[in-house]
Amino acid sequence: MPINPESGTPIYLQIADWIEDGILTGLFQEDEKVFSQYQLAEQYRINPATAAKGLSMLADQGILYKKRGLGMFVSPDARKIIFTRRWNGVLQEKVRDAITEARLLGLTEVELITMIREEMGGEK
Amino acid sequence: MEVTFQQVVRQYGKTEALSGLTLNLDGDKIIGILGRNGAGKSTALQIAAGHLKPSGGKVSIFGENPFNSLFASANTLLVHEGMSFPPALRLNAILGEMERAYPSFDKKLARSLLEHFGIPDNAFHIQLSKGMKNTFNMVAGIAARTPLTMFDEPLNGMDAGVRSDLLQVLLKDYIARPRMILLSGHQLEGMEDLFEEVVILHQGRLLHHGNADEFKEGFARISGPASEVRRAASKVQVLELHETLPGMAEAIIMVQPGTTLFMNEGSGLKSTSVSLGDAYVAMTRKKGGIDRVYADATDSR
Amino acid sequence: MSTLTQPTAGNAVINQFMRNLFGRSGILGSLLALQVIGIALSFFGGNGFGTSDGQISINVVDYSANPVIGLTLLWALISPLYLSGRDSLQTDLTFPGSRTIRHTGNVLYLSALVLAGSLVATLAHMASVLFTVISDRPLIMPEGGTAHYASLFAVLTGYCLLLAALSYFAGTLFSVSRIAAFALFALVMILLRVTALNELLAAIIRFAGEGPASMILLICLLISAFLFLAAMAAGSRQEVRA
């Protein structure tokens with residue numbers, strides 16, 4: 001993964017995203033060690049503290065866990081956590097889009113909900 | 001605290017290079033010292049290295065006043081444009097001299113790096129071109145491994161490839177042997193992602209000191225239709241706003257860290273991050289510049 | 001924090017001395033070169049002069065080591081400017097030390113070179129007697145024998161040190177640049193002309209034969225020490241502005 005300092009995403013988030021991708025694709029297995037902050041720093045030529053920030057963010061979310069003196073490991077729930085969060089995120093965004101579009105067209109809340117119900121009913 | 005500046009003033013005749021700089025640095029970190037030309041970066045570093053005596057205020061490096069301190073100077077090295085070596089020594093002998101002067105100096109590393117960069121070790125320092133001189137100086141600075149190593153505009157005149165390699169070596173060696181490294185510059189190309197902290201000097205004073213990632217997150221660049229940019233900009237602190245194409249504009253704004261910028265869909269506004277270089281330049285822009293930031297900040301209250 | 005080095009002042013002074021010896025070999029080199037030139041001048045007797053008042057004409061060919069002694073004195077006057085100058089300070093700032101340590105190392109170095117230079121000049125003076133023999137001229141031995149040479153060595157050391165101290169003090173005070181030091185060297189060379197200086201020195205050598213050499217040496221040592229200390233005091237706040 002190339003780090004892109006010009007993209008709107010801070011580097012430590014890019015690092016976190018990349019590790020998440022690795023977990024989803026199976027590059028990092030459950031209870032397997034991921035790269036250390038120093039390996040990441042050298043690889044992407046960033047400050048180790050920045051890399052550590054990305055790792056600790058994942059640890060805070062329960063995606064990684066720390067073994068003292070050994071490094072960061074992929075937690076058994078990692079895939080589930082990432083999946084849920086990303087899924088929610090994507091869906092939320094789509095809903096927001098729908099609301100914006102509805103407002104532009106002058107639809108009321110009730111009309112929009114009706115529309116969603118119809119769509120869901122139709123799929124059954 | 002490794003480096004402490006307290007209300008440090010330095011005058012050159014009538015001009016004031018530092019006008020009350022207060023700064024505290026500690027920890028084995030890579031710290032960027034940023035500022036425009038004449039902001040006082042070089043003077044501050046030369047004072048820290050004991051080369052210059054402050055006109056006023058207090059400076060302490062590893063607990064000692066660096067001016068005429070053997071202890072401070074043995075643990076500090078300043079790599080700068082004016083760095084010079086005994087004129088009769090060839091580069092290889094200079095490395096030997098450095099090894100004798102600094103116990104932590106790694107001659108083997110220095111020699112391998114010189115070979116890598118194609119600098120003949122039987123040359124004299126004054127024979128080297130500007131870029132090669134700076135390369136040699138930086139190699140010497142990295143290999144010295146002094147607990148406080150300062151690089152003042154180290155990359156000037158170097159090829160892009162050499163810069164990139166040197167920064168990679170600096171990072172690797174820093175990871176292997178953590179120490180405090182100060183990197184100053186007004187052009188940052190390639191250095192900015194190495195910083196753990198940034199110090200921004202402006203007109204001889206401290207303008208900002210803090211975590212580099214957080215500092216970067218404090219800025220955003222929004223671009224799009226001029227009217228939309230103006231509307232979005234009216235709610236936040238604006239450092240810079242200018243028209244790009246007729247009817248289009250771009251602005252660098254300050255955002256609260258941790259908050260996401262709210263922007264209407266369909267307004268055509270685009271938000272991107274701001275590089276460290278652009279951020280500090282926008283912050284220290286002369287016209288308007290920091291004064292306007294202050295004015296905008298107080299007006300909006 | 002990474003491990004801090006605890007340097008010793010003695011080591012730093014030695015390093016400064018060694019840096020001068022090897023890193024500024026031009027200082028030692030110029031002394032050697034000037035003395036070689038001086039010996040050559042002595043050998044060829046190029047320092048003769050003739051005078052005539054119309055009735056009597058005297059031609060003297062001087063085979064003494066005056067050129068060596070003169071050039072050694074000249075070296076003592078000029079080279080400390082280079083050592084105390086701005087460029088040298090800039091270089092020394094690259095290495096651990098303090099201004100006092102730097103000056104101490106420099107003073108020791110200059111003293112050592114003055115001692116060596118004076119010794120060589122005295123030996124050359126002793127040898128110059130042989131030049132006379134070689135060129136088949138009447139041999140006039142200086143009065144006093146060995147004592148004469150001992151006195152010469154003492155006086156020469158004293159004066160050289162005095163000149164070096166004076167020059168080092170001036171160089172520190174004005175922080176001359178490398179170019180200024182060379183320019184001054186050239187200027188002194190032109191002004192004094194080696195031969196003119198030579199005549200001047202004859203007086204010193206005669207004096208060395210007669211006067212109380214130990215007193216001269218002592219006075220020179222005292223004044224030199226004072227000048228060196230003055231240079232250290234003046235140079236304790238020296239800096240190089242970018």
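## Chain C at a glance

Of the 242 residues in chain C, 46% count as buried, meaning under 20% relative accessible area with a 1.4 Å probe and protein chains only. This is a predicted model, so local features need pLDDT of at least 70, side-chain atom pairs count only at pLDDT 80 or more, and totals for chains, interfaces and linings use all residues. Residues are numbered from 1 along each chain as its sequence is written, chains are lettered from A and ligands numbered from 1 in the order in which they are written, and side-chain values use heavy atoms, with hydrogens and water left out.

Chain C is built from nine helices and two strands. Those elements are DSSP runs numbered from the N terminus, with helices being H or I over at least four residues and strands being E over at least two. Start at the N terminus of chain C and you walk through α-α-β-β-α-α-α-α-α-α-α.

Now for the contacts, which are heavy atoms within 4.5 Å. Take those in chain C between residues at least 6 apart in sequence: 84% of them join residues at least 24 apart. On the outside, chain C exposes about 11,700 Å², with 72% supplied by carbon and sulfur atoms; accessible areas come from the Shrake-Rupley method with a 1.4 Å probe.

## Meet chain B

Chain B has 10 helices and 13 strands. Its 301 residues are 54% buried. For contacts in chain B with a separation of 6 or more, residues 24 or more positions apart account for 67%. The accessible surface of chain B is about 12,600 Å², and carbon and sulfur atoms hold 49% of that.

## Where C touches B

This contact draws 37 residues from chain C and 37 residues from chain B. About 3,000 Å² is buried between the two chains, with carbon and sulfur atoms giving 58%. Buried area here is the accessible area (1.4 Å probe) that two parts lose on being put together, summed over both.

There are two salt bridges between chain C and chain B, each a side-chain nitrogen of Lys or Arg within 4 Å of a carboxyl oxygen of Asp or Glu. C:Glu239 and B:Arg10 meet in a salt bridge, at 2.6 Å from N to O. You'll also find 16 residue pairs in polar contact across this interface, both residues at pLDDT 80 or more. A polar contact is a pair of N or O atoms within 3.5 Å; within protein, one must be able to donate a hydrogen and the other to accept it, and residues adjacent in sequence count only if both atoms are side-chain atoms.

On the chain C side, α1 (9–23), α4 (86–92) and α5 (99–134) each supply at least two residues. The most come from α1(C), with seven residues.

## Where A touches B

Here the contact takes 19 residues from chain A and 21 residues from chain B. The buried area is about 1,700 Å², 48% of it from carbon and sulfur atoms. Two salt bridges turn up between chain A and chain B. B:Lys172 pairs with A:Glu42 in a salt bridge, their closest N and O atoms being 2.8 Å apart. Eight residue pairs are in polar contact between these chains, both residues at pLDDT 80 or more.

Chain A gives two or more residues to this side from each of α1 (11–25), α2 (37–44), α3 (48–60) and α4 (78–105). The top giver is α3(A), with four residues.

Methods. Buried < 20%, exposed > 50% of the residue type's maximum accessible area, 1.4 Å probe, protein only.
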